[in-house]
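User: I am new to this structure and would like a quick tour. Can we go through it in short questions and answers?

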Amino acid sequence: MSGGEQEQRNYYLGVDVGTGSVRAALVDQCGVLLAFADQPIMKWEPQFNHHEQSSEDIWAACCIVTKKVVRGIDLNRIRGLGFDATCSLVVLDKQFRPLPVNHEGDPHRNIIMWLDHRAVSQVQRINETKHRVLQYVGGVMSVEMQAPKLLWLKENLRETCWDKAGHFFDLPDFLSWKATGVTARSLCSLVCKWTYSAEKGWDDSFWKMIGLEDFVADNYSKIGNQVLPPGASLGNGLTQEAAKDLGLPAGIAVAASLIDAHAGGLGVIGADVKGHGLACEGQPVTSRLAIICGTSSCHMGISKDPIFVPGVWGPYFSAMVPGFWLNEGGQSVTGRLIDHMVQGHAAFPELQAKATASCQSVYAYLNSHLDLIKKAQSVGFLTVDLHVWPDFHGNRSPLADLTLKGMVTGLKLSQDLDDLAILYLATVQAIAFGTRFIIEAMEAAGHSITTLFLCGGLSKNPLFVQMHADITGMPVVLSQEVESVLVGAAILGACASGDFTSVQEAMARMSKVGKVVFPRREDKKLPEL
């Protein structure tokens, strides 16, 4: 590209708040990442199943990464900013100051994280109501959604938190408010995590039935009564104060946000697949399943008409791609489970030492070690006697049972590096079988899926990708840009800027196929689930 063409490029900023870090990227109008930065964020676990963060800490990290990625860039070329984040619950008082979500009364810890499971009794009571809104979350609400967490706060922290609260934000909406001063919520977060309907709005009877009639009384001002589709431009763009914090010019268009998994779906699902020999070429985008796999995994499938899948969240209208219904399957722990299994094994110190000596990550070393010990057979058959049930943090989909526990069967007395490698392989396979289980539930309900589109941290692991292809029997498409979640966030900024006429146009222009991994024939004869 010549210098003149370089100067004419428009740039968009994507900011992604994950479970353990904030990441930012500068992306051009073709979806190419030009700069990337990340910054760890703090997490607290004051007691088992209580997971908390700080909105002040997260915003400070957003400012650090944004300043890094725009260093040396002509700021006038930056046209739009998009945020995505985990669906964690942020609590502020009437003056927008943090409130404690903990028994210690520490207001700095004002976020109940998405993976927090404190509200078990609350979600059970909500599910016992069998209210009509539950049919839009697979029939059973998850403890990871916001209604049970809100009820827990009312019942447990009445004086220190609930009575003082002025604003309850989903984390992606907190970020867009912080950037623009606009309290409007994204349709994505409210539909997916708060029981809002894109067509009917809030259901008063639900909130009254579960004991949160407070929201009805104040016309939902605390949880959102102005709702915008993802990618819509908010207010007058970046405020002076936020612009100074982020190192950007005031007035840049800021988009209504997305949950992080939905940003990943947006970043991969619309890619042009011509010339790759895929069944989804020339087929509707509804034949594709986006899987965003990191700490947990989310399985995003879209349809023209609503499809009700037992145990799978949705159908949510326009929550990811405008005009399409979304079903969202998921596994509560995937990356976290692999870490847990590997790091807890007796041979982990030996693995660390050998991986460091060979300048590899522990997972790259394990993958090569599996190749060494596979002998004449396929790697996949090393686990013929070892099996993992992966629901160590309950089952999100399709069983929707948060009480389920994990299991390993086929253990021996030996604990050497071979055993660790095979346990790691069995865990990866278990996660892939979990994906297959979700796909089968979606297809039984009416979805027709032919191709998987993977993104997120685990999509960088070749073994994880190959096992998903082998066990589902479907090809896996990987994006040219590995950081597809950040591309999705940047797509939002591009839409807010007005440079694209629709989210679909921006998706088609800014997401590209990098690699396709096909199922291996030798592994096709797999047991029925």
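User: Is Lys130 buried or exposed?
Analyst: This is a predicted model, so the answer rests on computed values. Lys130 sits in the loop between helix 3 and helix 4. Its relative accessible area is 69%. The cut-off for exposed is over 50%. Lys130 is therefore exposed.

User: What is the phi of Lys130?
Analyst: Most residues other than glycine have a negative phi. Lys130 is not glycine, yet its phi is positive. The value is near 55 degrees.

User: Is Thr195 buried or exposed?
Analyst: Thr195 also has a positive phi, near 75 degrees. Its place is the loop between helix 6 (187-193) and helix 7 (204-209). Its relative accessible area is 14%, and that makes Thr195 buried.

User: Which residue is joined to Pro398 by a cis peptide bond?
Analyst: Most peptide bonds are trans. Pro398, in the loop between strand 17 and strand 18, has a cis bond with an omega of about -5 degrees. The partner is Ser397.

User: And which residue is joined to Pro315 by a cis peptide bond?
Analyst: Pro315 belongs to strand 15 (residues 313-317). Omega of its cis bond is about 5 degrees. The residue on the other side is Gly314.

User: How many residues apart in sequence are the parts tied together by Glu144 and Arg396?
Analyst: The two side chains meet in a salt bridge, at 2.9 Å from N to O. Glu144 is in the loop between helix 3 (120-128) and helix 4 (146-156), and Arg396 is in the loop between strand 17 and strand 18 (407-409), so the pair ties together parts 252 residues apart.

User: Are Glu144 and Arg396 buried or exposed?
Analyst: Buried means under 20% relative accessible area. Glu144 has 3%. Arg396 has 7%. Glu144 and Arg396 therefore both count as buried.

User: How many residues of helix 4 are buried?
Analyst: Helix 4 has 11 residues and is largely enclosed by the rest of the structure. Its buried residues include Lys149, Trp152 and Lys154. The number buried is 9.

User: Which residue forms a salt bridge with Lys412?
Analyst: Lys412 is exposed, at 60% relative accessibility. Its partner is buried, with 14%. The closest N and O atoms are 3.8 Å apart, and the partner is Asp419.

User: In the salt bridge of Arg97 and Asp93, which residue is buried?
Analyst: The side chains meet at 2.9 Å, N to O. Arg97 is partly exposed, at 48% relative accessibility. The other residue has 8%, so the buried one is Asp93.

User: How many salt bridges does the structure hold?
Analyst: Some are linked in a network: Glu52, Glu104, Asp106, Arg109, Asp116 and Arg118 belong to it. For the structure, the count is 23.

User: What separates the C-alpha atoms of Ala25 and Leu486?
Analyst: Ala25 is in strand 2 (residues 21-28) and is buried, at 0% relative accessibility. Leu486 is among its contacts, which also include Tyr12, Phe36 and Val69. Along the chain, Ala25 and Leu486 are 461 residues apart, but their C-alpha atoms are separated by 6.3 Å.

User: Which helix holds Thr435?
Analyst: Thr435 is buried, with a relative accessible area of 0%. Beyond its neighbours within four places in sequence, its contacts include Ile291, Gln331 and His468. It lies in residues 417-445, which form helix 14.

User: Which residues make the nonpolar surface patch?
Analyst: The patch covers about 290 Å². One member, in strand 17 (residues 387-389), is partly exposed, with a relative accessible area of 35%. The patch is made by Trp389, Leu399 and Met407.

User: How many Å separate the centres of domain 1 and domain 2?
Analyst: The domain assignment gives domain 1 (3-254) and domain 2 (335-435). In contact are 10 residues of domain 1 and 5 residues of domain 2. The centres, taken over C-alpha atoms, are separated by 33 Å.

User: Which residues does the UniProt feature "domain: Carbohydrate kinase FGGY C-terminal" cover?
Analyst: The annotation comes from an unreviewed UniProt entry. Over its span the chain is 40% helix and 19% strand, and the end C-alpha atoms are 26 Å apart. The feature covers residues 289-496.

Note on methods
Residues numbered from 1 in each chain as written. Predicted model: local features only at pLDDT ≥ 70, side-chain atom pairs only at ≥ 80, totals over all residues. Heavy atoms only, no water. UniProt positions renumbered as here; feature names shortened; annotations may be inferred. Helix = DSSP H or I, 4+ residues; strand = E, 2+ residues; numbered from the N terminus. Patch = residues over 30% accessible without salt bridge, like charges linked within 9 Å, V, L, I, M, F, W, Y side chains within 5 Å. Areas by Shrake-Rupley, 256 points an atom, 1.4 Å probe, with all protein chains shown as cover. Salt bridge = Lys/Arg side-chain N within 4 Å of Asp/Glu carboxyl O. Buried < 20%, exposed > 50% of the residue type's maximum accessible area, 1.4 Å probe, protein only. Domains from an automatic or database assignment. Contact = heavy atoms within 4.5 Å.
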